[in-house]
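The exercises below are meant to be worked with the sequence and the model side by side. Each begins with a task and is followed by a solution that goes step by step.

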Amino acid sequence: MKVRRPNLTLLKKIFLVDLIRGLFLTFSYQRPSLNYTEQYPKVRPKIAERFRGAPRLNNDPETGETLCIACNLCALACPEHCIEVGWERDAHGKKALTEYTFDISRCMFCGLCEDACPTPALELTQDFELGLYDRRDMKWDRQKLEEGNQPVVYTK
Amino acid sequence: MSTKEEQTLFDASEITVSMGPQHPSTHGVLQVKLKLDGERVIDAECVIGYLHRGVEKLGEAQTYGQFVPTLDRMDYIAAVSNCLGYCEAVEKLLSVTAPPRAQYIRVIMTELNRISSHLLWLGTHAIDLGAVTVFLYCFREREEILKIFENYCGARLTTHMFRIGGTQYEIYEGFQDQVRAFVKDFPKKADEYETLLTENRIWIGRTRGVGVISAKDAIDMGLSGPSLRGSGVEWDLRKAKPYAVYSDFQFDIPVGEHGDTYDRYMVRLEEMRQSARIVGQAVEKIPDGPLMAKMSKIIKPPIGDIYHSIEAPKGELGYYIVSDGSTQAYRTRVRPPSFVNLQSLKRMVAGHMVADVVAIIGTLDIVLGEIDR
Amino acid sequence: MDFAIDYILIPFIKIFIVFNVVAGVVALLTLAERKVAAWIQVRLGPMRVGPYGILQPLADGIKLMLKEDIVPAGADKWIFTLAPVISLVPAFIVFAVIPFGPADAFTIMGHKVGYVITDLNIGVLYVLSISSVSILGIILGGWASNSKYPLLGALRSAAQMVSYEVALGFSIIGVLILAGSLSLVKIVEAQKAAGYWYVFLQPLGFILFFACGIAETNRAPFDLPEAESELVAGFHTEYSGFRFSIYFIAEYASMIVVSCMAVTLFWGGWLRPFPNVHILDFLDAIPLAPLFWFAAKVVVFIYAYLWFRWTWPRYRYDQLMKVGWQWLLPLAMANVIVTAVLVLLLKG
C-alpha cells in the first residue's frame, strides 16, 4: 500500500488553508477540560495495582512473623545480585530468616525476585518515591523492608 | 582562497562543527562532526559509543532469564520489542513455543509499543523541525499506552513484560476495554497530527526532498524498518517471515515512493494506524489457555546457535545466540536496527543544510541505547 | 518655565511611565508565553509560584540575576558585554513615538498632555531605522561569543533581517499613501477621519507587515537565529544569567513594538471599533478609553505571536530567504503600485 503524498492546491495555498487549519486545532485545545496535567505532588497520581516499586517483606498479618522461608531463590534470581539473605537453622533444623538486605540503588525493578518467591513474602509495592540524600541509606535492611518505605508526603 | 590575506573574515572557507554529544536534537549522545561550508554540509562523521554499557557481554554473564530485563535498556523506547525478540530466539533454541494466549498478549503489547515508539519519534521529529506542540499531543496518547503497560506489568518504560516461554502476567480486569478505547480513539488523534503537519507548507518544505535515499542504496546500506519502506521496498518481517501470531491478522504494509523524509513520515504515521488495526483484531480474540509453555524452570538450551529477528519499530532487530549447553549463553550478539540505519546518515546529509541534518537524524529514528548497547 | 515643563518635566514623567509599563508588560509576557504554550499543549504551565503561577516572572528574574555570569574564554569581552544592551535599548526607545492615545487628550494647568511621548513628524521612519539597530546587538553578540553556533546564528540573523527589512518597509507604504503622513498620530487621525481602519483597505499590506514583523523579531516560524534544535540557542548560546535575560527582554519588547505598530498603522490605533458611528459613542466614555482600545488590540497581536509559535514548524534558512525575496517583497511592491494607482484614480 502506497502512502499518500498530498499536494496543496493553488487556492489552498493562496488562502493559507493549511496554516489556518493548524491554528484552529491548537486554538480549540485551550479548553481547561482537555487539560492533561497531573499536579503531583499536590494531587497523588494513580498507581497501578501491579506497579513494581519499593520492595517490602511481608509479615503474617495474624502472627506478625515473617513469611520469608529463607529459601534464597530471590537472591539467585536477581540479575543485579542486590539481595542478600541471611539465615540459621533453628532447633528443628528448619531454615529461619535472620537478615535480609536489599540494595535498591542497584535494583532495576524487573520483578524477577517477586516471581521467584514461593511465598507472598517479597513484594514490590506501589511506592515509587525512593529519593534519598545519602547513598548509604539505599541498602535496606530487614527492619526497613518489613516496615516498608515511608516517604515524606508533601501536600502543598 | 588564494592568498592568506583573503582569509580574513573567519580564517577558513569551511568550519567544523561538533554537533553533540550534548545537543538538543541528536536524540541522545550521538556526536556528528560536521564540515560546513557556510550552512551547507560537506561531510559528516558520526562518533558513537558514549552510551556503551556492554549489553552483549552481559548476556554472557547472566542466565537467559536474567538477561531479559537488561535488554529493555537497549532500545528503551521499544522495550517490549526487545524483550519479544530475545524471548522468541531463546524459545527457538529450546524448541518450545509459547502458548497461543501468551502469543496474542505478546502481539497486542508489541504493537502498542510500536505505536508508542512511533509517537515518540513523531514528537521529537516535529520538535526538531520546530513544531513543539505536536510533541505534547503525541505524549498524551503515549501516556495512554504506558498506562496500559503499567496496569499490565507494573512498569511503564523498561517493562520486562515477557518471560522465556510465555508471559508472566495475566491480563488485568478491564484490559480489553482500555485497549479497545485506545484503538477506537487513536485514528482520530493521528488525524490531528496530520492536520498540524501533513499539509502544512512549512513541514512539506522541510521534509520533501530531504535525505533522499533510493531503494537500491537503502538495501545496500542494510536499512530496515520504516526507513527502508519509505524508499518503496515492501519488506516487513511481520509479513515476510511471520513470527509470533502475526499471520492471523489483516494488516497492510505502507510503503513510500521517493525515499525522502516526508515519505518516511507518512509511512510511520500509517504504520501506527495499521498497528492499531492489529491490536483491535487481536484484542477481540484472545484465546483461553495457559500463559507459560511447559518447560523446566532452569533454562538450559542444547548446544547450538540461533539467529532470530523480528520487526522492531525501528527495523529488523535480530538476536544471534550461541549456546554451550549451560545456563548462560556462550555469546549473544544483537543486530540493532538503529546502528545499521545510522550508517546511511553520512550519505543522506551530504549537500544539505545544517537544519536538514537534524531532520535526517530525526527521520532515521535512532536510539543511542541501541546503537552503543 | 513653561519650556522646562513642556519639554523636560512632562516628557520625563511620560517616559518614566512608559518605560515601567513596558518593562512590566514584558515580564507578564514571559508568563503569558508559558501559559499560552501550556494551554495549547493541554498542559497547565507554571502553577507553583503564587496563585496560578502569576509570580513566576519574578522568580525567573531573581533566578537569572543570581546566576553566575560567564564570559567564554576568547570572547571579545567588551562587545560581549555591550551586545545585549545594543539590542535592548532600541527596542525601548521606539516607544517614544508610539501613540497610545490622542496627542492632545487633556490640559493640565495650561499644559497640553497627550498619550504619546513625542509626536514626531517622521515617526514611521524613526521606528524603522531605530528598530533595525537592534539587529546589530544580535550580530555582535553572536560574533563576540567566539563560538560556532552563535556565529552561525548571527550570520543567519544578519541575512534574515536585511531581507525582511525591505519587505517590511514596502508593506507600510500603502498606508502612508492613504494617510499622506509619516507621523503615527496623523496616521491614526486619518483613519478616524476616513471612518475605517486601514486594514480593510490594505489587508495584504497588513499580512505582509505582520509576517515581516514576526521575522524581524526572530519569532517562529522565522526563529532561525535562535533555532534551538539546530543551533542549540543561536546567537545567545554563550550568554547566561542576566545578560541572557536582557536579550530575552529585548525580544519581547520588540514583539510589543511590532504589535503596537500593526495596531497603529492598520487597526486604527487608539480608535474604538466604528470610530464614526455615533451611536457607539458610549464606548468612549470608559475612563482611559483610548488606552483600553489600544491595549486590547495589542493583546490580540501578542496572542497571535504566541499562537503561531506553538502551532507551526520552523522554516529552513534557504526557504526563509525564498519566502522573503520571492513572495513577500514582490507582493509588497505590487501592493504599493495597486494602492498608488487606485488612490490616483479615485481621489484624482
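**Exercise 1. Confidence in chain B**

What is the mean pLDDT of chain B, and what percentage of its residues reach 70 or more? Then find where the pLDDT is below 50.

Solution. Since this is a predicted model, the confidence values are read before anything else. The mean pLDDT of chain B is 86, and 97% of the residues in this chain reach 70 or more. The stretch to set apart is residues 1-9 of chain B, where the pLDDT is below 50, and for which the model shows four contacts beyond near neighbours in sequence.

**Exercise 2. The strands around S7 of chain B**

Determine which strands pair with S7(B), in which sense and over how many bridges, and then explain why S7(B) is described as largely enclosed.

Solution. Step one takes the pairing with strand S6 (residues 304-312) of chain B, which is antiparallel and runs over nine bridges; within this pairing, Ser309(B) has Gly318(B) in S7(B) as its bridge partner. The two strands S6(B) and S7(B) form a hairpin, with two residues between them.

Step two takes the pairing with strand S8 (residues 329-335) of chain B, which is again antiparallel and runs over six bridges. Here Ile321(B) stands opposite Thr332(B), while Ser323(B) stands opposite Ala329(B). S7(B) and S8(B) also form a hairpin, with five residues between them, and in its turn Gly325(B) has a positive phi of about 90°.

Step three turns to burial: of the nine residues of strand S7 (residues 315-323) of chain B, seven are buried, and the strand is therefore largely enclosed by the rest of the structure.

**Exercise 3. A glutamate in strand S6**

Is Glu311(B) buried or exposed, and which residues does it contact when its neighbours within four places in sequence are left aside?

Solution. Glu311(B) is found in strand S6 of chain B. The cut-off for a buried residue is 20 or more other C-beta atoms within 10 Å; because Glu311(B) has 26 C-beta neighbours inside 10 Å, it counts as buried. With the sequence neighbours within four places left aside, Glu311(B) is in contact with Asp236(B), Leu237(B), Arg238(B) and Glu316(B). A separation along the chain can be checked as well: Ala240(B) is 71 residues apart from Glu311(B), and their C-alpha atoms are separated by 10.0 Å.

**Exercise 4. The largest nonpolar core**

Identify the residues with the most contacts inside the largest nonpolar core, and state which element gives the most to this core.

Solution. The largest nonpolar core has 235 residues, and those with the most contacts inside it are Cys83(B), Val90(B), Ile108(B), Val357(B) and Ala253(C). Helix H10 (residues 241-266) of chain C gives the most to this core, with 17 residues. To look at one of the highly connected residues in detail, take Val357(B), which, leaving aside neighbours within four places in sequence, is in contact with Met19(B), Val32(B), Leu34(B), Val41(B), Ala44(B), Val349(B) and His352(B).

**Exercise 5. The two contacts of chain B**

Describe how chain A and chain C each touch chain B, giving the residues and the elements involved.

Solution. The contact between chains A and B takes 24 residues from chain A and 32 residues from chain B. On the side of chain A, helix H2 (17-28) and helix H4 (112-116) are the elements that give two or more residues, and the largest share, six residues, comes from H2(A). This side divides into 14 nonpolar, three polar and seven charged residues.

The contact between chains C and B takes 23 residues from chain C and 25 residues from chain B. On the side of chain C, the elements that give two or more residues are helix H6 (148-179), helix H9 (228-231) and helix H12 (317-347), and the residues divide into twelve nonpolar, four polar and seven charged.

**Exercise 6. The build of chain C**

How many helices and strands does chain C have, and why is it described as compact?

Solution. Chain C has twelve helices and two strands, which follow the pattern α-α-α-β-β-α-α-α-α-α-α-α-α-α along the sequence. The radius of gyration of chain C is 21 Å, close to the 20 Å that the globule rule gives for 348 residues, so chain C is as compact as a globular protein of that length. Buried residues make up 47% of its 348 residues.

Key
Residues are numbered from 1 along each chain as its sequence is written. Chains are lettered from A and ligands numbered from 1 in the order in which they are written. This is a predicted model: local features need pLDDT of at least 70, side-chain atom pairs count only at pLDDT 80 or more; totals for chains, interfaces and linings use all residues. pLDDT is the predictor's confidence in each residue, from 0 to 100. Two residues are in contact if their C-beta atoms, placed from the backbone, lie within 7 Å. A nonpolar core is a set of buried Ala, Val, Leu, Ile, Met, Phe, Trp, Tyr and Cys residues joined through C-beta atoms within 7 Å. A residue is buried if 20 or more other C-beta atoms lie within 10 Å of its own, exposed if 12 or fewer, and partly exposed in between; C-beta atoms are placed from the backbone. Helices (H or I, at least four residues) and strands (E, at least two) are DSSP runs, numbered from the N terminus. Ala, Val, Leu, Ile, Met, Phe, Trp, Tyr, Cys and Pro count as nonpolar, Asp, Glu, Lys and Arg as charged, and the others, Gly among them, as polar. Two strands pair if DSSP finds at least two bridges between them. The radius of gyration is taken over C-alpha atoms; the globule rule is 2.2 Å times the number of residues to the power 0.38.
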